[in-house]
Amino acid sequence: MVIFNNTTSSSPNFLLTAFPGLEIAHVWISIPVCCLYIIALLGNSMILFVIIVERSLHKPMYYFLSMLSTVDLCLTISTLPTVLGVLWFHAREISLKACLIQMFFVHGFSFLESSVLVAMAFDRFMAICNPLKYAIVFTDMIILVIGLVICLRQVIFIFPMVLALKNVSFHSGKELSHPFCYHPDMIRYTYSNPWISNFLGMFLQLYLTGTDLLFILFSYILILRTVLSIVAPKKQQKALSTCVCHICAVTVFYVPRISLSFTHRLLSSTPRVVCSILANVYLLLPPVLNPIIYSLKTKTIRRAMLRLLQFKSSGGPSVRGRRGRWD
């Protein structure tokens, strides 16, 4: 995909911005940013590779984890060209067409990650609250159907928004607040009243992300009720420990996402550098931390990684039963 190109007067273009007011330090800022991108790419690739190679990890809970790693990889790759282009080469200009394509991928994969986190919450709910039905519900075919429904859901909601923006006239040469194309940032530079487009974006944000977050919270209310009904304290602690990774993943995803969205739409006086920092945290924090969290917390994945790194045979400890455990 061609990200940077020359645009004519009939084809509006935007100017990307990495860290407003800190342009002189872009070379130094690029060092930690590149390190974060490398960690995200290597970490999620390693998780995917381990799950594919290790037959003991061919279980529902790890299938969902592989979905999460795939989405994190795609989300990282979708912003990497423009972010590094601005920091390294000062390549700020981007055409409207390229901007819309990148916006489609950024928002699409972001909403996709939200849906995957919902599926993982349902997995934890079934494993703790209905363990006897876990193997019946989470068959390979059902997991495949869940994955297809998640992808179809994103296309149905995101694609019309991109088509609607394609027919909107934009001011040419306007400066965006981020080194990538973000919907609330773009609609400020339309010739027409941006209220309709802003309302549509806010509706999708509240409907997709809001309903996903409510479902996750409702799942954990039921999980907590089930755990509190367990008499043995050790079993309570063991049951809750299986949810720690997912709770961390939900936190590092939703907190920066909601903060960035409300900063753009409700706090117009917020300094641009703050919006830029929030945007980079929102896009880089989950892909960087998720592999670290799951590899440190999950013994099965950690041991599988160590065996692969040491070039040993893959006959290690297996995951018993269909009910997954983040032990």
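Are C99 and C181 buried or exposed? Both are buried in this model, which is a predicted one, and they make a handy way into the fold.

C99 and C181 are joined to each other by a disulfide, with the two sulfurs 1.8 Å apart. The structure holds one such bond. Its twist about the S-S bond comes to -115 degrees, making the link left-handed. What does it hold together? C99 sits in helix α3, while C181 belongs to the loop between β3 and α6 (183-186), so the bond ties together parts that lie 82 residues apart in sequence.

Other cysteines stay out of this. C35 is in no disulfide, and the nearest cysteine sulfur, belonging to C34, is 7.0 Å away. With a relative accessibility of 40%, C35 counts as partly exposed. Then there's C248: the closest cysteine sulfur is that of C245, and at 6.7 Å it is too far for a bond, given that a disulfide needs the sulfurs within 2.5 Å. C248 is partly exposed as well, at 29% relative accessible area.

Now for the sheet. Three strands make it up, in the order β2-β1-β3, and it is an open sheet with mixed pairing. The edges are taken by β2 (93-95) and β3 (174-175); each has a single partner strand, so one side of each is left without a neighbour in the sheet. Strand β1, residues 13-15, runs antiparallel to β2, and three bridges join the two. If you want a spot to look at, find L15, which stands opposite E93 of β2. Packed on the sheet is helix α3 (residues 96-129), touching β1 and β2, and its direction makes about 85 degrees with that of β2. This is the helix that carries C99.

Follow α3 further and you meet another partner, helix α10, which spans residues 272-297. The two axes come within 12 Å and cross at roughly 35 degrees, and the crossing is left-handed. From α3, the contact draws on V106, S110, E113 and M120; from α10 it uses Y282, L283, P286, N290 and Y294. Sorted by class, that gives six nonpolar residues, two polar and one charged.

To pull the threads together, α3 is a good helix to keep in view: it touches β1 and β2 of the sheet, holds one cysteine of the disulfide, and crosses α10.

Conventions. Residues numbered from 1 in each chain as written. Predicted model: local features only at pLDDT ≥ 70, side-chain atom pairs only at ≥ 80, totals over all residues. Heavy atoms only, no water. Pairing = 2+ DSSP bridges. Helix = DSSP H or I, 4+ residues; strand = E, 2+ residues; numbered from the N terminus. Contact = heavy atoms within 4.5 Å. Axes fitted to C-alpha atoms, helices over the stretch in contact; angles between N-to-C directions. Buried < 20%, exposed > 50% of the residue type's maximum accessible area, 1.4 Å probe, protein only. Left-handed = near helix turned anticlockwise from the far one by under 90°. Nonpolar A, V, L, I, M, F, W, Y, C, P; charged D, E, K, R; others polar.
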